[in-house]
Amino acid sequence: MMRILYLSSDFGIPVRGFKGASVHIRELTDALTDLGHEVIVLTPNVGEGNSTRAEVRIVTAPRLPEPLVRALRRVGAPWGRGKQLEREVRELWYNVTLVHAAEALVAEWRPDMIYERYSLFGLAGGALARRLRLPHLLEVNAPLRQERQRVQGLALDLPARLAERHIFSAAGRILCVSRTVADYVIAHGGRTGTIQVQPNAVDGAKIHPNALNVALRTQLGFTNDDVVVGFVGSLKPWHGVEGLTQALASAQSLAPQLRLLVVGDGPARPHIEQVIAELRLNDSVRLVGNVAHSDVPAYLAAMDAAAAPYEDMVDFYFSPLKVFEYMAAGLPVIAPRLGQISELITDGVDGLLYTPGSVPELSSELARLAEDAALRVRLGACAAARVSAHHTWRETARRVVSLGQYSPR
């Protein structure tokens with residue numbers, strides 16, 4: 001049995017929330033706990049809406065002194081980056097708070113390993129591990145500096161670059177969710193011998209093939225003759241739900257029984273609702289918003305197929321949780337040929353792949369699945385078998401424990 005201190009210092013990830021990152025934290029820590037290990041999670045954002053078996057403790061991010069806030073806003077004002085600069089300085093400052101809180105916990109609890117979810121400016125885990133001479137596993141899910149720079153811009157670009165390189169070069173072991181992320185880590189300071197690719201996974205005890213949930217389908221307004229394609233996840237532009245609705249409208253000319261069930265919420269929802277209205281799909285689409293992760297299996301069981309319609313991206317670095325969960329539920333998956341998706345799904349064997357960004361191809365595949373029940377059954381059964389054999393959180397947890405048993409330098 002090990003004692004594992006899990007650090008998540010990203011202000012934007014509520015551990016008990018609905019984001020994919022939130023699910024990832026809970027599933028891994030639950031799996032570690034189920035194997036008999038003690039896990040304590042330290043985070044600035046506990047969130048709500050879901051439960052976790054690991055103990056979660058909040059380490060509140062302190063407010064910056066008001067004189068410093070005013071100075072930062074003055075400095076950043078000419079470039080329109082006052083609040084952005086304040087946020088980034090607060091993220092840097094949080095390392096001090098987190099290290100102090102962790103040291104107090106270590107004195108009474110004495111962990112055997114530090115596991116850290118990588119965050120921009122997240123220096124605390126490595127510093128703590130070196131000071132205490134503990135194994136340090138760093139989980140990297142995205143090229144966060146590039147992501148922040150592209151979406152929001154960076155006021156402290158050079159400090160972010162230096163922090164990133166230091167974090168990657170100093171980590172004892174690094175778990176990257178995809179080959180693309182691993183390549184990024186190596187290119188920005190990571191040592192090849194420390195890096196492992198560890199895709200996302202699924203809990204087979206929670207999500208597995210179930211009998212069709214007729215009661216929920218009826219409650220949602222679907223009939224027995226409808227073929228329901230589902231989407232589960234955050235509604236963000238790059239997730240491609242707008243394109244999915246367009247493909248649905250086109251596919252209904254060939255397969256009028258097609259329907260769409262969208263489970264999740266996010267900033268793109270108002271635009272998606274507008275597109276649904278413009279395409280006159282209100283009777284064919286159900287948007288149910290966020291649901292507790294424990295309720296997701298019931299919604300998956302109300303679907304006949306599932307889609308992960310990501311927009312075309314040059315560097316698709318994701319390891320999509322939704323795809324693993326769709327497959328574990330025995331659903332045939334329609335997804336673009338992007339990154340790890342092409343490694344996980346074999347076209348025509350355990351899912352259907354189409355050219356990224358091609359709404360006509362997506363529409364054709366939707367119609368194909370709607371018209372061929374036997375194909376849906378065959379693809380779904382193969383998908384479930386593949387995921388259960390190779391991608392479970394329990395196996396990921398075992399690997400984490402094994403990797404964490406090295407002797408720090």
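The paragraphs below lead through a predicted model, beginning with its strands and moving on to its cavities, its cysteines and one loop glycine.

A suitable place to begin is the open sheet of six strands, whose order is 10-9-8-11-12-13 and whose pairing is parallel. Strand 10, covering 285-289, and strand 13, covering 352-354, are the edge strands, since each of them pairs on one side only. From one strand to the next the twist averages 25 degrees. At the strand 10 edge, the neighbouring partner is strand 9, made up of residues 258-263, and four bridges join these two parallel strands. One point of this pairing can be located residue by residue, for Leu-260 has Val-285 in strand 10 as its bridge partner. As a general matter, the strands of a sheet pair through backbone hydrogen bonds, in either a parallel or an antiparallel manner.

Another parallel pairing links strand 1, residues 3-8, with strand 2, and it extends over five bridges. Within this pairing, Tyr-6 stands opposite Val-41 of strand 2. How far is strand 2, residues 38-43, enclosed by the rest of the structure? Five of its six residues are buried, and strand 2 is therefore largely enclosed by the rest of the structure. The cut-off behind that statement is a relative accessible area under 20% for a buried residue.

Turning from strands to internal space, the model contains three cavities of 30 Å³ or more. The largest cavity holds about 60 Å³ of space, and its lining includes His-24, Leu-28, Tyr-115, Glu-139, Asn-141, Leu-175 and Cys-176, together with Val-177, Gln-198, Pro-199, Trp-393 and Thr-396. Three elements, namely helix 1 (20-34), strand 6 (173-176) and helix 16 (393-403), each contribute at least two residues to this lining. By residue class, the lining of the largest cavity divides into seven nonpolar, four polar and one charged.

The second largest cavity holds about 50 Å³. Around it lie Glu-116, Gly-122, Leu-123, Gly-126, Arg-130, His-136, His-166, Ile-167, Ala-170 and Ala-171. Helix 4 (124-132) and helix 6 (157-170) each supply at least two residues of this lining, and helix 6 gives the most, with three residues. Here the lining residues divide into four nonpolar, four polar and two charged.

Cys-176, already met in the lining of the largest cavity, also leads to the cysteines. Is Cys-176 buried or exposed? Cys-176 counts as buried because its relative accessibility is 0%, which lies under the 20% cut-off. Cys-382, by contrast, counts as partly exposed because its relative accessibility is 30%, a value in between the 20% and 50% limits. A search of the whole structure for disulfides finds zero.

The last stop is Gly-348, which has its place in the loop between helix 13 (339-344) and strand 13, the latter being one of the two edge strands of the six-stranded sheet. Gly-348 counts as partly exposed because its relative accessible area is 25%. Which distance separates the C-alpha atoms of Gly-348 and Leu-379? Although these two residues are 31 residues apart along the chain, their C-alpha atoms are separated by 7.2 Å.

Methods:
Residues are numbered from 1 along each chain as its sequence is written. This is a predicted model: local features need pLDDT of at least 70, side-chain atom pairs count only at pLDDT 80 or more; totals for chains, interfaces and linings use all residues. Side-chain values use heavy atoms; hydrogens and water are left out. Two strands pair if DSSP finds at least two bridges between them. Axes are lines fitted to C-alpha atoms, for helices over the stretch in contact, and angles run from 0 to 180 degrees between N-to-C directions. A disulfide is a pair of cysteine sulfur atoms within 2.5 Å. Buried means under 20% relative accessible area, exposed over 50%, partly exposed in between (1.4 Å probe, protein chains only). On a 1 Å grid over the protein atoms alone, a cavity is a set of points where a 1.4 Å probe fits but cannot get out, and a pocket is an open set with protein on both sides within 12 Å along at least five of seven lines; lining residues have an atom within 4 Å of a point. Grid points are joined across faces, edges and corners, and a volume is the space filled by probe spheres set on the points. Ala, Val, Leu, Ile, Met, Phe, Trp, Tyr, Cys and Pro count as nonpolar, Asp, Glu, Lys and Arg as charged, and the others, Gly among them, as polar.
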